[in-house]
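Here's a quick walk through one model, with the sequence and coordinates for you to follow along. Have a look at the fold before reading on.

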Amino acid sequence: MVFFCFLVDQKKVMKGSKPLAGMCSRCGGGASVADMKTETRFCCVPFYWKCWRAIICTFCGAVLKSYH
């Protein structure tokens, strides 16, 4: 069962972003609205993906709020 865990990979990719008025509550940097894509792969072959929108910090990259 442990061997299977090393074959599965999940990657988050930012497809696009727009600036947003506001600041990050963690570091004080600027915020932006981004279209995100989460891709789950098995042996480098994608078998599941999901697109969603999130508010992220432009400085530290923290996800402040997500809209699934």
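Where is the place of Lys18? Lys18 sits in strand E1.

## What you're looking at

This is a predicted model, so to speak of local features we need pLDDT of at least 70, while side-chain atom pairs count only at pLDDT 80 or more and totals for chains, interfaces and linings use all residues. Residues are numbered from 1 along each chain as its sequence is written, and side-chain values use heavy atoms, with hydrogens and water left out.

The pLDDT (the predictor's confidence in each residue, from 0 to 100) averages 86 for the protein chain, and 91% of the residues score at least 70. Confidence bottoms out in helix H1 (residues 2-5), with a mean of 54, and peaks at 92 in strand E2 (residues 30-42). Helices (H or I, at least four residues) and strands (E, at least two) are DSSP runs, numbered from the N terminus. Where pLDDT is low, the predicted coordinates should not be read in detail.

## The sheet

Four strands make an open sheet, in the order E1-E2-E3-E4, and the pairing is antiparallel. Two strands count as paired if DSSP finds at least two bridges between them. The edges are strand E1 (8-23) and strand E4 (63-67), each pairing on one side only. From one strand to the next, the twist averages 30 degrees; axes here are lines fitted to C-alpha atoms (for helices over the stretch in contact), and angles run from 0 to 180 degrees between N-to-C directions.

Strand E3 (residues 45-57) runs antiparallel to E4, and four bridges join them. Across this pair, Ile56 stands opposite Val63, and Ile55 faces Lys65. The two strands form a hairpin with five residues between them, and Gly61 in the turn has a positive phi of about 80 degrees.

## Residues in E1 and E2

Back to Lys18: at a relative accessible area of 61%, Lys18 is exposed. The cut-offs are under 20% for buried, over 50% for exposed and in between for partly exposed (1.4 Å probe, protein chains only). Leaving out residues up to four places away in sequence, Lys18 touches Ser32 and Val33, where contact means heavy atoms within 4.5 Å. The C-alpha atoms of Lys18 and Ala34 are separated by 6.5 Å, though the two residues are 16 apart along the chain.

Over in strand E2 there's Thr40, which is buried at 12% relative accessibility. Beyond four places in sequence, the contacts of Thr40 include Val8, Asp9 and Gln10, as well as Phe47 and Tyr48.

## The core

The largest nonpolar core has five residues: Ala34, Met36, Trp52, Ala54 and Ile56. Such a core is a set of buried Ala, Val, Leu, Ile, Met, Phe, Trp, Tyr and Cys residues joined through side-chain atoms within 4.5 Å. E2 and E3 each supply at least two of its residues, with E3 giving the largest share, three.

Ala34 also has contacts outside that group: setting aside neighbours within four places, its partners include Met14, Gly16 and Ser17, along with Trp52 and Ala54.

## The cysteines

How many disulfides does a search of the whole structure find? Zero, taking a disulfide as a pair of cysteine sulfur atoms within 2.5 Å. For Cys27, the nearest cysteine sulfur is that of Cys57, 3.5 Å away; Cys27 is partly exposed at 37% relative accessibility. Cys60 isn't in a disulfide either, and its nearest cysteine sulfur, that of Cys57, is 3.6 Å away. Cys60 is partly exposed, with a relative accessible area of 41%.
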